[in-house]
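Got your viewer open and your selection tool ready? Load the model below and follow along, one stop after another.

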Amino acid sequence: MDTLNIDNLQAMAIRKFNLISSASILLVIFFISSCGGTEKRTQAVIDLPPAAPIGGGDAGENMLRFLEGKIKEDPEDFSANNKLAAIYLQKLRETGNIEFLDLAFRSARASLDSVADIRNSGGLAALAQAEFAAHEFSKARDHAARLAELEPGKSYPQGILGDAMLELGEYDKAEIAYKKIVALDSGISPGSETRFARLAQLRGDNAGAQKHLATALTLALNASSPPRETVAWIRWQLGEIAFSVGDYETAEKHYRDSLTTFPDYHRALASLGRVSAAQNDLAGAIEQYEKLVRLLPEMQFVAALGDLYAVSGRADDAQRQYDLVEQIGRLNGLNGSLYNRQLSVYYADHDIKAEEAYRMASQEYEVRRDIYGADTLAWTALKTGRLDEAKERIKEALRLGTQDAKLFFHAGMIAHASGDKDAANGYLQQALELNPQFDPIQTKIAKTRLENN
């Protein structure tokens, strides 16, 4: 099982569904050279099926109301609670509104209170998925392992297990779980392909990630009822890869395709604002984020709007957004588990509350040792003067070869603080060559540091 030939399985699945004839996936490599004659960079262009709206929201709302009515009549109806939890989790993915996460927890726990997991794997699955969404990854992992015992012939427990392992930094174990999905399903699926895409991206293989996402998109669109949020998410994720390598025009197209599929999709709205800023359209970026925070005043979106106000010279408007950040991050205990890492990075980026940022990053890293946890700990350690720890953790953050400008920026700033001018310049140049406008504030710091070195 661990020696599965994924390429062969992929080819078999594509032939099985005759996908190539219905929506061609063409991966073409071309070269872009800057007018200054610097080293050429390789970009991948993917010919994808055109974007189109996908409906289905009304049916979900009707089912939601029906199930809520059933639970009022019989609170111990475990089957209805399981279905209700699944809908709440879907609403969470579609809207980003964490009120649906609390509702999903309630339904999952009510289900398991009525019928134990040995006869109610659906309730346990709902609980594990809610725990994953709440960033309680260790609990999600343990419950997914239990699910795999209860449902050894089904693939969905391996998906939850692998996802939890990925977030905990257990990348090889995550890959094993993902390969089991393919084996149990006798072929690839949108779920398995998006998971392999994430692994590829973390390992620095953006072209491989794009191929997996293109296959996932085609599979999803060829379903009898294409899942709207899944299709929008895949298009958005393709945009994220393009943005990460500074291909802002392609990124914008993917984000707009995502919004064509799913209007007001919060992930695509945020990224469209970010790419507008990278293209020096600050007014457009601000307008996009203002629209977004009216729909979803989520902490990272509010902070991003504050940064855009700041670089636009609107200091008072920026401060009002910054004042909201901690209120949102600490709204309640559930939000805290979701936002600890974001809040740590926010503090470090803005040079405030350094010790608190370091404390939160350290506590999280004790149980969640993924590369971005290592990066957050490195960045906050630098801000508190713990240089030796910062150097050690940034090595862990870079260990997979992930192509992320912010990782290289942090590595460069740590090297600069260590007095290693050559390493600092190398990392900072790498960040700016990979993604010249990776952040409206941090990019300027990187350029200034290089000029002064």
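## First stop: a buried pair

Select D257 and R235: both are buried, meaning under 20% relative accessible area, with exposed being over 50% and partly exposed in between (1.4 Å probe, protein chains only). Before going further, note that this is a predicted model, in which local features need pLDDT of at least 70 and side-chain atom pairs count only at pLDDT 80 or more, while totals for chains, interfaces and linings use all residues. Numbering runs from 1 along each chain as its sequence is written, and side-chain values use heavy atoms, with hydrogens and water left out.

Now show the side chains. D257 and R235 form a salt bridge, with their closest N and O atoms 4.0 Å apart; the term covers a side-chain nitrogen of Lys or Arg within 4 Å of a carboxyl oxygen of Asp or Glu. D257 sits in helix α13 (residues 248-261) and R235 in helix α12 (residues 228-244), so the pair ties together parts that are 22 residues apart in sequence. Helices here are DSSP runs (H or I, at least four residues), as are strands (E, at least two), numbered from the N terminus.

## Zoom out

Colour by secondary structure and you should find 24 helices and two strands. The protein has 453 residues, of which 50% count as buried. Among contacts (heavy atoms within 4.5 Å) with a separation of 6 or more, 55% are between residues 24 or more positions apart.

## Along α11

Next, select residues 206-221, which make up helix α11, and pick out T218 there. T218 is buried, at a relative accessible area of 1%. Which backbone oxygen does the side chain of T218 reach? That of A214, at 3.0 Å.

Stay in helix α11 and click Q210. Q210 is buried too, with 9% relative accessibility. Draw a distance from its C-alpha atom to that of L238: the two are 6.6 Å apart, though 28 residues separate them along the chain.

## More salt bridges

The structure holds 33 salt bridges, and a couple more deserve a click. Side chains of opposite charge can pair when their charged atoms come close.

Try E151 and K154, whose side chains meet at 3.8 Å, N to O. E151 counts as buried at 16% relative accessibility, whereas K154 is partly exposed at 43%.

Then jump to D351 and K383, where the closest N and O atoms of the salt bridge are 2.8 Å apart. D351 is in the loop between α18 and α19 and K383 in helix α20, so this pair ties together parts 32 residues apart in sequence. Is D351 buried or exposed? With 58% relative accessibility, D351 counts as exposed, while K383, at 29%, is partly exposed.

While you're at it, select E167, R341, E364, R368 and D370 together: salt bridges that share partners join them into one network.

## Last stop: the cavity

How many cavities of 30 Å³ or more does the structure hold? One. On a 1 Å grid over the protein atoms alone, a cavity is a set of points where a 1.4 Å probe fits but cannot get out, and lining residues have an atom within 4 Å of a point.

To see the lining of the largest cavity, select N340, R341, S344, M360, A361, E364, G373 and T376. The elements giving two or more residues to this lining are α18 (333-349), α19 (354-365) and α20 (371-383).

Note on methods:
A polar contact is a pair of N or O atoms within 3.5 Å; within protein, one must be able to donate a hydrogen and the other to accept it, and residues adjacent in sequence count only if both atoms are side-chain atoms. On a 1 Å grid over the protein atoms alone, a cavity is a set of points where a 1.4 Å probe fits but cannot get out, and a pocket is an open set with protein on both sides within 12 Å along at least five of seven lines; lining residues have an atom within 4 Å of a point. Grid points are joined across faces, edges and corners, and a volume is the space filled by probe spheres set on the points.
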